[in-house]
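Reader: Could you take me through a close look at the aromatic side chains in this model, and then place them in their wider setting? I would like the cut-offs stated wherever a term depends on them.

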Amino acid sequence: MDNKRSDRRFSMRSFINFFNFKRLFKSFRISYQVVWNLLLIFVIIFTSMVLFIGAAGAGYFASLVKDEPIRSKTEMAKDIYDYEEVSEYYFGSGELLGEVRSDLERREIKLKDISQHLINAVIATEDEYFFEHDGIVPKAILRATFQEFTNSSVQTGGSTLTQQLIKNQILTNEVSFERKAKEILLAMRLENIFEKEEILEAYLNIVPFGRNANGWQIAGVQSAAQGIFGVDAKDLNIPQAAYIAGLPQSPFGYTPFIRIDGEPVVKKDLTPSLNRMKTVLTRMRDKGYITEAEYNKALEYDILANLAKATPDTRDEYPYLTAEIDRQASTIMTNLLLEKDEIVLSDIEDVEERNAIYARYKALAERDIKRNGYRIFTTIDKAIYDAQQEVAKNDALFPNTRNKEGEPVQVGAILIENKTGAIISFVGGRYKEEREDFNRATQGAAQNGSTMKPILAYGPAMELGHVQPGHIVPDTPYNYKAAPGGPVNNFDRKHAGLLTVRESMQRSRNVPAVKSYNMVPYEYSREKLHLMGIYEDPTEGASIGGNKGMTVMQNTAAYTTFANGGKYTQAYMIEKVETKDGEVIYQHESEPVEVFSEQTAYLITDMLRDVLRGGGTASAIPGLLKFRSDFAGKTGTTNETKDSWFVGYNPTYTLGVRIGYDTPASLPTRVEGRGIGFVSQRIWAQLLNVAYDVNPEFIAPSEQFKMPSGIVRQSFCGISGLLASDLCREAGLVRTDLFNSKFVPRKVDDSLQRVDIVTVKGEPFVALENTPAEFTKKGVAIKEEYLEDAGVTDYLEDTFKYFIPSRTVESNGRTPGALTNISATSNKLVWGEHPDNDVVGYRVYRAPNGSEQFSIVKSVRADEDFAFGVDSKPFAYYVTAVDSIGRESKPSNIVTTGDWQKKLPKEEEKPKPKDPEKPVQPPKPPKDDKPVKPPKPPKPTEPDGDGEDDGDNT
């Protein structure tokens with residue numbers, strides 16, 4: 001029973017317990033379900049929110065990058081490696097001249113050539129997980145995003161090296177979510193298709209590092225290493241590497257160099273950059289790149305003491321050269337860009353549009369030169385160029401004068417290789433003034449004086465056969481044909497008469513040059529000028545240098561035409577242009593253009609040889625040179641002596657020199673007792689002397705100008721230039737010169753005639769009809785009609801003025817007075833010249849011993865010795881004077897010889913001629929049919945080699 005009761009109690013208790021547990025479980029279950037449901041709801045809500053935010057973010061991200069194209073590896077590579085790199089200039093020998101001045105200096109370098117210390121420093125400082133991440137570090141991005149949204153004062157940044165590369169090379173520095181989204185996308189794309197080493201190399205070549213020791217902006221580790229410490233990137237030590245690695249965070253805040261008033265200086269306080277270096281070293285130590293000992297040693301390194309020093313800037317050392325390369329390279333690259341875009345400027349009729357297009361492409365070309373790392377090779381010989389600059393600095397070679405503006409005498413000179421047109425050297429100025437960007441060899445245009453004569457006056461006329469070296473083109477009064485007319489003047493305001501073209505060239509006479517120019521059709525002359533790179537319209541004044549003006553380079557290049565056998569080759573300075581990868585994008589190719597025939601070119605050259613010989617306007621030059629060569633050349637002086645030129649050439653090269661003021665003014669006409677032409681010639685010679693010291697084989701070649709076929713040596717009459725007649729030969733007027741065989745004279749000269757000649761006071765005249773024949777001799781004279789046609793009667797040289805028909809000896813209207821100065825020596829009877837200016841000869845009378853009958857024993861012409869041979873036999877003598885119409889003077893005093901016994905009549909009883917007005921005609925002397933050659937005329941006054949050859953060439 002008890003057991004039953006116990007069972008019942010247990011059952012009741014169990015029921016109660018079960019009921020209570022069930023209630024508790026139910027309560028727990030309800031609570032659990034509530035919590036679980038709440039948690040589930042929260043998870044769902046959170047997940048939904050995350051998904052929503054993620055979807056929204058993804059959608060937003062997609063909207064930000066929807067316009068970003070999917071780039072191929074090739075496109076990515078082009079963008080990544082297309083960073084600005086400084087272009088370089090090179091001398092003709094391949095030696096580095098310098099860098100193109102750019103807003104940013106950068107030098108490309110391979111990763112293998114970069115110090116491992118620098119690589120470690122950059123990784124430790126800028127991107128410690130570089131070799132682990134896939135282009136981005138998510139937590140860094142989230143942290144940066146959170147800081148951006150919360151506007152946190154602490155901005156830690158979230159860009160990897162890959163992202164920085166994308167930002168610098170493909171995107172911009174714009175602060176926006178769109179740019180950041182594209183940066184993330186492109187960074188992941190870049191990591192997917194490029195190796196880590198490729199990305200790191202590109203980054204190290206583009207990152208900015210502030211300024212170098214010269215104060216110029218730099219980018220890339222090679223420019224940083226060289227510009228800050230003066231070493232290559234591969235040679236950087238630990239502290240140097242740490243210092244450079246710290247700069248990109250704030251390139252211009254940490255850079256040790258600044259520019260003040262245009263000059264580079266070191267900052268007074270380097271504390272910020274040194275603190276940054278310490279931070280970099282700490283990170284390198286913490287990451288295990290350096291030891292504690294290396295860390296401490298690096299902290300002791302004296303950065304200030306090891307900074308690079310400023311180096312001479314290329315533009316300071318070679319101002320004219322670098323500026324000229326800039327100009328020529330810009331033109332070349334502009335044309336390449338136009339050609340690439342198939343733009344032909346000449347097809348554009350609208351001038352403004354054409355100019356605008358050219359200006360736009362020129363700006364693009366200049367930008368490319370500054371940023372694309374081109375290697376620009378020139379033709380300049382460094383050693384010759386350097387030597388010639390020293391000549392320009394030698395004040396002793398220049399007049400020590402200044403114009404009203406206070407400017408000194410300046411110089412422009414250029415040395416051009418004939419065959420190729422390559423500019424070997426030039427002088428842009430004297431380095432004395434501020435205008436070192438103004439190149440007086442290639443930019444300063446000036447009238448070129450008589451150096452224009454071979455180019456425009458004689459070259460075209462000779463090509464057409466109108467003139468040849470032996471042709472006579474009279475130097476006589478002549479007026480310009482074109483309005484307003486007026487006389488053509490020579491430098492001496494005189495005329496020289498009958499001159500050959502050779503003589504006119506040698507002595508630089510203006511009148512024959514203008515006459516020769518006027519023999520040629522206008523269009524023909526214009527064409528020849530244009531073919532030689534001279535784009536102006538020809539005029540009479542231009543033919544003797546009174547042109548609009550041309551540069552020394554233009555004038556000198558035109559002269560290479562004669563040296564090249566008549567072919568013109570344009571002068572140039574840029575040989576080739578290469579990309580930084582070595583691809584040649586431009587190679588100069590000389591294209592000779594035929595202007596004159598070989599025969600014309602050689603004849604011009606042969607005449608210009610005489611300019612440097614005795615009688616030439618540059619005859620001083622051979623004595624100024626330290627070597628010998630086959631030179632030809634021409635002087636030139638402009639109106640009012642504002643410019644003095646000399647252009648000379650040999651078979652290898654042509655050198656042109658001009659001196660004058662930048663603001664036109666008259667140069668001194670005499671310097672050190674010599675003409676101003678001597679000054680320009682002395683500079684010309686000195687420029688070659690120093691070049692000879694550098695390269696004697698080039699400057700003094702053994703080669704001579706070779707006479708081409710079709711050139712003949714022909715005799716001609718020196719009066720007309722036609723074939724010599726017998727009379728021309730008898731008169732000694734035959735001359736010989738070179739001719740183009742096509743234009744050899746075919747007609748025989750007929751300008752001469754036979755005449756009887758008498759001599760008075762040492763000068764010959766044509767005899768009158770009643771001049772006693774005993775006092776005449778046969779001669780040759782120019783026909784009157786020829787003189788009228790030539791217009792040279794009053795302007796003939798001494799060689800010809802003795803033979804003018806109108807030049808007759810006029811009577812003075814009275815009988816000559818008796819001679820009073822006759823005397824006898826042991827063997828000679830002598831007397832003096834009669835003072836009258838019409839006495840043509842003398843008669844000697846003699847009477848034997850004991851006789852009063854005198855007879856003529858000798859007739860003496862006025863150009864013979866006033867003497868008669870006697871001996872010891874007893875004779876009596878007297879002499880009379882005879883004038884041009886035969887009137888004879890009274891007898892002179894009587895002189896006896898030997899033992900004269902007969903008493904002579906008194907003075908008043910001396911025998912007299914029966915009729916003084918009708919003189920006794922003595923027996924004629926034996927006839928001599930052979931003409932008597934005239935006396936050799938005095939040599940014309942020759943120029944002194946000072947080059948005073950012009951002066952009126954407007």
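Author: The charged end of Arg674 lies over the ring of Phe678, at 4.1 Å from the ring centre; a charge counts as sitting over a ring when NZ of Lys or CZ of Arg is within 6 Å of the ring centre and within 35 degrees of the ring normal. A second arrangement of this kind involves Arg259, whose charged end sits over the ring of Trp216, 4.0 Å from its centre. This is a predicted model, in which local features need pLDDT of at least 70 and side-chain atom pairs count only at pLDDT 80 or more, while totals for chains, interfaces and linings use all residues. Residues are numbered from 1 along each chain as its sequence is written, and side-chain values use heavy atoms, with hydrogens and water left out.

Across the whole structure, a search finds 24 aromatic pairs, where rings of Phe, Tyr and Trp (its six-membered ring) pair if their centres lie within 6.5 Å, planes under 30 degrees apart being stacked, over 60 edge-to-face and the rest tilted. One of them is formed by Phe631 and Trp684, an edge-to-face pair with 5.3 Å from centre to centre and 75° between the planes. The pair ties together distant parts of the chain, 53 residues apart, since Phe631 belongs to the loop between helix 23 (621-624) and strand 15 (632-637) and Trp684 to helix 24 (residues 676-694); helices (H or I, at least four residues) and strands (E, at least two) are DSSP runs, numbered from the N terminus. Phe631 and Trp684 are both buried, buried meaning under 20% relative accessible area, exposed over 50% and partly exposed in between (1.4 Å probe, protein chains only). For Phe875 and Tyr877, the ring centres are 6.2 Å apart and the planes stand at 50°, so this pair is tilted, and both of these residues are buried. Phe631 and Trp684 also belong to one aromatic cluster, together with Phe627, Phe646, Tyr653, Tyr692 and Phe698.

A further aromatic residue, Tyr129, is found in the loop between helix 3 and helix 4 (138-149), and it counts as partly exposed because its relative accessibility is 37%. The C-alpha atoms of Tyr129 and Thr160 are separated by 8.4 Å, although the two residues are 31 apart along the chain. Helix 3 itself (residues 116-126) is mostly covered, with 9 of its 11 residues buried, including Leu118, Ile119, Val122 and Ile123. What covers these buried residues includes helix 5 (161-169), helix 7 (196-206), helix 8 (221-229), helix 9 (238-246) and helix 11 (271-286), judged by contact, that is, heavy atoms within 4.5 Å.

As for the wider setting, the protein chain has 28 helices and 31 strands, and 51% of its 954 residues count as buried. Of the contacts between residues at least 6 apart in sequence, 71% join residues at least 24 apart. Among the strands, 3 form an open antiparallel sheet in the order 25-26-29, two strands being paired if DSSP finds at least two bridges between them. Strand 25 (823-824) and strand 29 (867-869) are the edge strands, each pairing on one side only. Strand 26 (residues 828-830) pairs with strand 29 in the antiparallel sense over 3 bridges, and Lys828 has Gly869 of strand 29 as its bridge partner.
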